[in-house]
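The following exercises ask the reader to trace sheets and a ligand site by inspection. Each task is followed by a worked solution.

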Amino acid sequence: MCGIVGYIGKNNNAKKVILKGLENLEYRGYDSAGIACNINNEINIQKEKGRISNLKENINFSEKSNIGIGHTRWATHGKANKENAHPHKCGKITIVHNGIIENYIELKQELSNLGYKFNSDTDTEIACALLDYLYNQTNDIIKSIELFKEKAKGAYAIGLLCDDDLDTLYAIKNKSPLIIGINKDENYIASDVPAILNFTKDYIILEDGEFAKINSDSIEIYDKNNKLTDKKVNKFESDLQDISKNGYEHFMLKEINEQPEVAKKMIDEYINKQDINNLIDLSKYKNITIVACGSAMHAGLIGKSLIEEYGNIPVKVEIASEFRYKKLFIDKDTLVIAISQSGETADTLEAVKIANDKGCDTLGIVNVFGSSIARNTSKVLYTKAGCEIAVATTKAYSAQATLLSFLAYSLAKNTNDKNKLNEINSFLTDLNKLPILMQKVLDNNEEYKEIVNDIYNKNDIFFIGRGIDYSLCMEASLKLKEISYLHSEAYAAGELKHGTISLIDENTPVIGIVTDKNIADKTISNIKEVKSRGANVIYVTTEELDNDGDFYDKKLIVPKTNSLLQPLITIIPLQLISYYAAKNNNCDIDKPKNLAKSVTVE
Ligand code: F6R
């Protein structure tokens, strides 16, 4: 989603800092970019459609500037073009904005009646005009911001400059994320910490309704009641290394390869250093509802299978955008778990707020420290995956699934179920081998590239499996679609014959995932059904179920591990197959078209 960067400083480095910050936010996804800087007491705006590199070509970096704001726009209102790109200027006010002003149509009408003319299709230009109007009325920016908060409905993170005081940067936040970076003689605003990491690790998180007046050596923050307030200064724990490719061709490849390291960190944090049971006791809840979007929701499905199977608590997984608007059967006996890499996904955050209002305990499984979901849940467990830059999640998804398997294990320890005891008793030994097994799977690149030869130029690809393997199919299919633009579908293996099997033709690629020996025969029967209709079958299974037969064309064997951990191994080849398919098709792997890393609109 949109990225905001702002600068105020005695070093007059606005252009350099803002452009660098925007580049560090590129991973969020965008389709145009722009910058507004003070050049000789006048606001100079430059914007371009497309990549930041297009914008950079026309920027004169030798011109010094003490203050500026920059933006990467992910189109919501109006096309991705130069006119709609931010910053927008109306009268004396220039702003960049992330979010959606919901009542912009009414506001536009009111402002048009007052004589304002608009050049773009954006809600941002309306917000800018409203601020200009309020400033003309009050001649006081602080007062104008207070009135703006009353009039504008919706989500907004705004960076603001006023022609009458080009030594002050303003920041306003409601529902869309915004932080303030702190340094000697210069300060910054940004949508996310990576934007400022080249310059500082110290930052303040603004909460909904708050706004700030920022100078090069002072920061005043006003709370939601417009009273001056003190805020805690955070220090970012990771370093810049996390946001560099470290020799890999793409962030996605780097992040896939970081999975053994992330697993090690999580084992250390939640098993070796402390018992996860001491952090949260799930056994006191009668049921669990998981809310999440996209891949995080797919990780939730893995969690559902494991917690139900080993922890004996019923679990529902709800797509957060659906949860928000349906009748809910949750109460104080329900634990609502919100899973999110960014911790800023608007739908998941709203689902958390609804659950809080209903009196439920809420648990965040979140990657980004101090993010909105982390702050709004009653308890948070961090996934420790480090910065994830590629839009398509890999290491954060597997970290979410890892944490859920730890929760299932913590519940399972009290089981009397003899059938489950073997898995539970061997869990810790198997867990210690997990990073090594992950590495082993990562090293088989040539095998995955060969499988990609069968799929990269096909129109439709199917992933089929049952139970937890079906959840993996959903994730594998999403990954393939989003980065390689190949159409694929995930199907519960037993469901194909109820309609979709009519799409299976000679050579249609079908990837059958079979890792659960209790239902392996059933899935293999379904694979045979597609094979007999001509499908080109790629059989993905474990050493344990390695099966010579005439029902597949290629097979891909992954190491067998504890059932609670198996998905963490099996997903890796599927991530790599998507990666190599996208590479074969020359796709922009880290920044797939139309997508954003952090989805802060509903
Ligand atoms: C897919 C992907 C998305 C996210 C989803 C939720 O690769 O990354 O489907 O999983 O947008 O994002 P978070 O986890 O930040 O809430």
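**Exercise 1. The parallel sheet**

Five strands form an open sheet in the order 22-21-23-24-25, with parallel pairing. The model is a predicted one.

Task: Determine which strands lie at the edges of this sheet, and which helices lie across strand 21, strand 23, strand 24 and strand 25.

Solution.

Step 1. Begin with the ends of the order. Strand 22 (487–492) and strand 25 (554–558) are the edge strands, and each of them pairs on one side only.

Step 2. Examine the pairing at one edge. Strand 21 (residues 460–465) is joined to strand 22 in the parallel sense over six bridges. Within strand 22, Ala-492 is the residue that stands opposite Gly-465.

Step 3. Consider the orientation of neighbours. On average, neighbouring strands of this sheet are turned by 20 degrees against each other, direction ignored.

Step 4. Add the helices. Helix 15 (residues 445–455) lies across strand 21, strand 23 (509–514), strand 24 (536–542) and strand 25. Helix 18 (residues 566–584) likewise lies across strand 21, strand 23, strand 24 and strand 25. Relative to strand 25, helix 15 runs at about 145 degrees, and helix 18 at about 135 degrees.

**Exercise 2. The antiparallel sheet**

Task: Establish the strand order of the antiparallel sheet, and follow the pairing from strand 8 to strand 14.

Solution.

Step 1. State the order. Seven strands make up an open sheet, arranged 5-6-7-8-12-13-14, and the pairing is antiparallel. Its edges are strand 5 (88–90) and strand 14 (228–229), each of which pairs on one side only.

Step 2. Place the helix. Helix 4 (residues 123–138) packs on the sheet and touches strand 5, strand 6 (93–98) and strand 7 (156–162). The direction of helix 4 makes about 140 degrees with that of strand 6.

Step 3. Move from strand 8 to strand 12. Strand 8 (residues 165–174) and strand 12 (residues 211–214) run antiparallel and are joined by four bridges. Leu-169 has Ile-214 of strand 12 as its bridge partner.

Step 4. Continue to strand 13. Strand 12 and strand 13 are also antiparallel, with four bridges between them. The two form a hairpin with four residues between them, and Phe-211 stands opposite Tyr-222 in strand 13.

Step 5. Finish at the edge. Strand 13 (residues 219–222) pairs with strand 14 in the antiparallel sense over two bridges. Here Tyr-222 has Leu-228 in strand 14 as its bridge partner. Tyr-222 thus appears in both pairings, facing Phe-211 and Leu-228.

**Exercise 3. The ligand site**

Task: Describe the shell around the ligand, and identify which residues place polar atoms at its oxygen atoms.

Solution.

Step 1. List the surroundings. The ligand is surrounded by 14 residues, of which the closest are Ser-340, Gln-341, Ser-342, Thr-345 and Glu-482.

Step 2. Classify the shell. It divides into five nonpolar, seven polar and two charged residues. Helix 9 (294–311) and helix 16 (468–484) each supply at least two residues of this shell.

Step 3. Inspect the polar contacts. A side-chain N or O atom of Ser-342 is 2.7 Å from an oxygen atom of the ligand. Polar backbone atoms also approach ligand oxygen: that of Val-391 at 3.3 Å, and that of Ala-296 at 3.4 Å.

Step 4. Assess the burial. Taken alone, the ligand exposes 410 Å², and the protein buries 89% of that area.

Technical notes
Residues are numbered from 1 along each chain as its sequence is written. This is a predicted model: local features need pLDDT of at least 70, side-chain atom pairs count only at pLDDT 80 or more; totals for chains, interfaces and linings use all residues. Side-chain values use heavy atoms; hydrogens and water are left out. Two strands pair if DSSP finds at least two bridges between them. Contact means heavy atoms within 4.5 Å. Axes are lines fitted to C-alpha atoms, for helices over the stretch in contact, and angles run from 0 to 180 degrees between N-to-C directions. A residue is near a molecule or strand if one of its heavy atoms lies within 4 Å of it. A polar contact is a pair of N or O atoms within 3.5 Å; within protein, one must be able to donate a hydrogen and the other to accept it, and residues adjacent in sequence count only if both atoms are side-chain atoms. Accessible areas come from the Shrake-Rupley method with a 1.4 Å probe; for residues, only the protein chains shown count as cover. Ala, Val, Leu, Ile, Met, Phe, Trp, Tyr, Cys and Pro count as nonpolar, Asp, Glu, Lys and Arg as charged, and the others, Gly among them, as polar.
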